[in-house]
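Please consider the protein shown below. The paragraphs that follow begin with a single residue and then widen the view to the whole chain.

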Amino acid sequence: KNGIRLITGFAKKGTGDYLWVTDRYIVYFQDRDSDENWQLYRLNIETMDIKNLTPCKPVKSRIVTYKRDFPCEIIISIKKENQAIYDLYHIDITSGKTTLLARNPGNVIYWIIDSKLQILGQVSETDDGGEELSVRENGNSTWKKLFNLDKDNLLQNHIIGSSKDNKYIYMIDSTNVDTSRVVKIEIATGIYDVIAQNPEYDIWDSEEFLYNPDTHEIQAVCF
């Protein structure tokens with residue numbers, strides 16, 4: 001009716017986060033058995049066929065990144081082998097093939113993925129309960145510590161992405177300031193520029209930011 005077509009209709013369970021990844025596919029998370037095992041599904045809107053892209057159980061999965069330049073690929077983290085930690089996986093949305101990108105040694109909190117869907121950095125827990133950012137040039141390079149995150153304000157300090165040329169990282173930062181801000185940090189030098197800051201209000205969740213889909217530059221933020 002009126003050009004509107006129902007494409008999901010689960011009687012008992014709704015869906016979590018979703019992405020419309022191509023003209024044919026939508027991917028979404030769903031916890032079908034109310035057991036906190038969030039699995040990633042692919043829905044073909046032409047045939048209405050549904051495929052579980054993370055069929056093992058128990059499993060907890062979450063999106064790490066999706067890039068428009070790679071419409072049929074997605075990077076997710078999964079609690080699979082060890083239910084205490086997330087490992088990093090690449091999924092081919094079309095074929096359903098899952099490839100392990102990084103095994104978590106136990107202290108990695110999250111990874112930073114570059115514009116080519118490669119691992120650029122990782123934030124890991126330190127022995128004193130803090131967090132540090134490490135980066136590497138490619139998959140064969142060794143990790144290099146870039147800096148420690150402000151231990152006293154970890155909830156207001158986290159990496160949110162990289163520039164398209166992968167020379168800079170974007171971060172929400174509250175180090176030595178009264179309110180959190182968005183900064184752009186040059187990986188090679190550690191020099192940063194403040195992108196957005198308000199003296200009275202903290203930056204709101206980065207998921208509400210607006211990004212230029214072609215340049216990956218931040219265009220708007222929320223306070």
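**A guided reading of the structure**

D173 is found in strand β14, which covers residues 168-173. The model is a predicted one, and every value in this text is to be read with that in mind. Is D173 buried or exposed? Its relative accessibility is 7%, and D173 is therefore classed as buried, since buried means under 20%. Leaving aside residues up to four places away in sequence, D173 is in contact with Q156, N157, T179, S180, R181 and V183. The separation between D173 and A84 can be described in two ways: they are 89 residues apart in sequence, and their C-alpha atoms are 27 Å apart in space.

The loop between β14 and β15 (181-186) contains N176. In contrast to the buried D173, N176 is exposed, because its relative accessible area is 78% and the class of exposed residues begins over 50%. The backbone of N176 also deserves attention: its phi angle is positive, about 60°, although the residue is not a glycine.

A positive phi is also found on the other side of β14, in the loop that runs between β13 (158-162) and β14, where N166 is placed. The phi of N166 is about 65°, and N166 is likewise not a glycine. With a relative accessible area of 16%, N166 is buried, whereas N176 is exposed.

N166 leads to another part of the chain, for it is among the residues touched by D114. D114 belongs to the loop between β9 (108-113) and β10. Which residues does D114 touch, not counting those up to four places away in sequence? They are K67, L120, S162 and N166. The relative accessible area of D114 is 8%, so D114 is buried. D114 and K164 are 50 residues apart along the chain, while the distance between their C-alpha atoms is 7.5 Å.

The strand that follows this loop, β10, spans residues 119-125 and includes S124. S124 is buried as well, with a relative accessible area of 4%. When residues up to four places away in sequence are set aside, the contacts of S124 are N107, V108, I109, G130, E131 and E132.

Two further residues illustrate the exposed class. K97 is located in the loop between β7 (87-92) and β8 (98-102). Its relative accessible area is 56%, so K97 counts as exposed. Beyond its neighbours up to four places away in sequence, K97 touches H90, I91 and D92. How far apart are the C-alpha atoms of K97 and T179? They are separated by 43 Å, and the two residues are 82 apart along the chain. The other residue, L6, sits in the segment before β1 (18-20). L6 has a relative accessibility of 69% and is accordingly exposed. L6 and I45 are 39 residues apart in sequence, with 9.9 Å between their C-alpha atoms.

Between the buried and exposed classes lies a third, that of partly exposed residues. C56 falls into this class with a relative accessibility of 26%. C72 is also partly exposed, its relative accessible area being 27%. How many disulfides does the protein have? The count is zero, when a disulfide is taken as a pair of cysteine sulfur atoms within 2.5 Å.

The view may now be widened to the whole protein. Its secondary structure consists of zero helices and 18 strands. The radius of gyration is 19 Å, close to the 17 Å that the globule rule gives for 223 residues, so the protein is as compact as a globular protein of that length. Along the principal axes, the C-alpha trace extends over about 55 × 45 × 30 Å. Among contacts between residues at least 6 apart in sequence, 27% join residues at least 24 apart.

The division into buried and exposed residues can likewise be described for the protein as a whole. Of its 223 residues, 41% are buried. The protein exposes about 12,900 Å², and 47% of this area is supplied by carbon and sulfur atoms. As for charge, the protein has 26 positive and 34 negative charges, and the mean positions of the two groups are 9 Å apart.

Conventions: Residues numbered from 1 in each chain as written. Predicted model: local features only at pLDDT ≥ 70, side-chain atom pairs only at ≥ 80, totals over all residues. Heavy atoms only, no water. Helix = DSSP H or I, 4+ residues; strand = E, 2+ residues; numbered from the N terminus. Rg over C-alpha atoms; globule rule 2.2 N^0.38 Å. Buried < 20%, exposed > 50% of the residue type's maximum accessible area, 1.4 Å probe, protein only. Contact = heavy atoms within 4.5 Å. Areas by Shrake-Rupley, 256 points an atom, 1.4 Å probe, with all protein chains shown as cover. Lys, Arg positive; Asp, Glu negative; His and termini not counted. Charge placed at Lys NZ, Arg CZ, Asp CG, Glu CD.
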